[in-house]
Protein chains: 2
Amino acid sequence: MNYSTSEENYIKSIYHLRGDHQLVTTNELAAELKTRPASVTDMLKKLKAKKLLIYERYQGFKLSPEGKKVALGIIRRHRLWEYFLSVKLQFSWDEVHEVAEELEHVTSKKLIDKLDEYLGFPQYDPHGDPIPDQQGKIHAVKQVVLSEWPLMELAEVSGVTDQRSDMLDILKHQNISIGTKLEVKKRFSFDNSVEIKTKNSPAFIISEQVAKNIWVKKPGT
Amino acid sequence: MNYSTSEENYIKSIYHLRGDHQLVTTNELAAELKTRPASVTDMLKKLKAKKLLIYERYQGFKLSPEGKKVALGIIRRHRLWEYFLSVKLQFSWDEVHEVAEELEHVTSKKLIDKLDEYLGFPQYDPHGDPIPDQQGKIHAVKQVVLSEWPLMELAEVSGVTDQRSDMLDILKHQNISIGTKLEVKKRFSFDNSVEIKTKNSPAFIISEQVAKNIWVKKPGT
DNA sequence: AAAAATATTTAGGTAAATCTAAAAAAAATA
DNA sequence: TATTTTTTTTAGATTTACCTAAATATTTTT
Ligand SMILES: [Mn+2]
Ligand SMILES: [Mn+2]
Ligand SMILES: [Mn+2]
Ligand SMILES: [Mn+2]
């Protein structure tokens, strides 16, 4: 019922590599964890003995249902702390992960559920990744800022970070709102502005600042 | 510059036993840490090698100046987290310590200084123990709730937890304010009410609820 | 289907933090 | 002061999480 920091890091990495569907390989996990394949094999045996892993030697491995539950618990803690650091302590987007990597291993259930409540049950961490609930269920779907969405792939607008009126002004002017489907036609490296095309209007350009404030996701998800 | 959880727990316990003044004994520290004397001796050698400890075998030991600095850093983290748990997450008085025991080992300086700022630079943890500042300096002095102050020992009122007007009403009525010196004459086990005596007034009784809301300290400190 | 290349596991070791049992030093007592 | 008791240290194991080097299994290439 209680796992070491090291065990938790292995479980989390396995989940991040393949969820609980396909098989993961020893070398792959060793690379992910910056450790050696022999060390991975050692840990695989231990996690299998604890029934967190489905594993036969030389055959690859994946999380058991129990292992997946544990993984989602760790991810819940990680992402709640990232949200806390970002929203309450004003950490920037790229500083939160490292600290959350440590905080996630403090396992008090009460701590995490109270933190969740205190934060207002946030749906997404600062990188747009969904936060699992108490039961480990993920309701939302990963979202990405428009400035990082790949070219020529249909996206659906799912949120806006900065909701001050001058930001919403721009969106209104360009007829963008939650649910709008669009494609990024071109990204200009000079100023990182992007050319956007929606269904019923000619293509237009928005600045990087604006593109960074718009969350998008795969349509329909 | 970076110490393991185990090393940190040893350092903190040494500080709690004797500050950095008198010598601590091996058995004493083993009892405090619920470990064996042999394990303590092993760790003493390691901490001495790291110059955190002044120690000659069979002679007892105490923290070096560097060791004291490290101890105060850990205590700062511990007490700030206790304050956070109590004030922000609504943990009760007696639940905070156990969780803080884990959180204290997350050592990001930025995390702790931002947390301190976010909390409004609190002076005391939920048990009345003073919180060291960024430099490890302790400005305040330990305070205790009046309901736990020993009988017949002079106390000075240093604060009030619940500051709603009906509470302040009582204090005004009994002529108690910050700085008032008083003694607890008797504690009635039936309802934990306490008989109080101040300088220029006859003794009077206050309820446990009120006594729990009044912080006191050694006069003059 | 061999041979070669690659991936994985096993064998054997190390460092940290713990333990028990035995030895040695210090303190208390007779 | 000699003996006994208590405290502390040393010696030698154990567990966890790593490692390197060698062995073995699997996959790819010829
Ligand atoms: Mn992260
Ligand atoms: Mn981690
Ligand atoms: Mn505490
Ligand atoms: Mn601790």
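I will go through how the two protein chains relate to each other, and then what surrounds DNA strand D. Keep in mind that this is a predicted model.

First, the two chains. Chain A can be laid on chain B by a turn of 179° with a shift of 0.0 Å along the axis, and the RMSD is then 0.1 Å. The two copies are thus related as by a two-fold rotation axis. Both copies use the same surface, since 100% of the contact residues of chain A recur in chain B. If you want to find the axis on the screen, look for Leu103(A): of the residues of chain A, its C-alpha comes closest to the axis, at 3.6 Å.

Now the DNA. How many residues surround DNA strand D? There are 21, and the closest are Ser4(A), Ser39(A), Lys46(A), Lys45(B) and Tyr55(B). On the DNA side, sugar and phosphate make up 81% of the strand D atoms that come within 4 Å of the protein.

Some individual polar contacts, then. In chain B, a polar side-chain atom of Lys45(B) lies 2.8 Å from a phosphate oxygen of strand D. Thr41(B) also has a polar side-chain atom by a phosphate oxygen of this strand, at 2.9 Å. In chain A, Asp42(A) places a polar side-chain atom 3.0 Å from a base nitrogen of strand D.

Which elements give two or more residues to the surface near strand D? From chain A they are helix 1 (5–18) and helix 3 (37–49), and from chain B helix 2 (26–33) and helix 3 (37–49). By residue type, that surface divides into nine polar, seven nonpolar and five charged residues.

Technical notes: Residues are numbered from 1 along each chain as its sequence is written. Chains are lettered from A and ligands numbered from 1 in the order in which they are written. This is a predicted model: local features need pLDDT of at least 70, side-chain atom pairs count only at pLDDT 80 or more; totals for chains, interfaces and linings use all residues. Side-chain values use heavy atoms; hydrogens and water are left out. A residue is near a molecule or strand if one of its heavy atoms lies within 4 Å of it. A polar contact is a pair of N or O atoms within 3.5 Å; within protein, one must be able to donate a hydrogen and the other to accept it, and residues adjacent in sequence count only if both atoms are side-chain atoms. Helices (H or I, at least four residues) and strands (E, at least two) are DSSP runs, numbered from the N terminus. Ala, Val, Leu, Ile, Met, Phe, Trp, Tyr, Cys and Pro count as nonpolar, Asp, Glu, Lys and Arg as charged, and the others, Gly among them, as polar. Copies are superposed by least squares on the C-alpha atoms of residues with pLDDT of at least 70 in both. Contact means heavy atoms within 4.5 Å.
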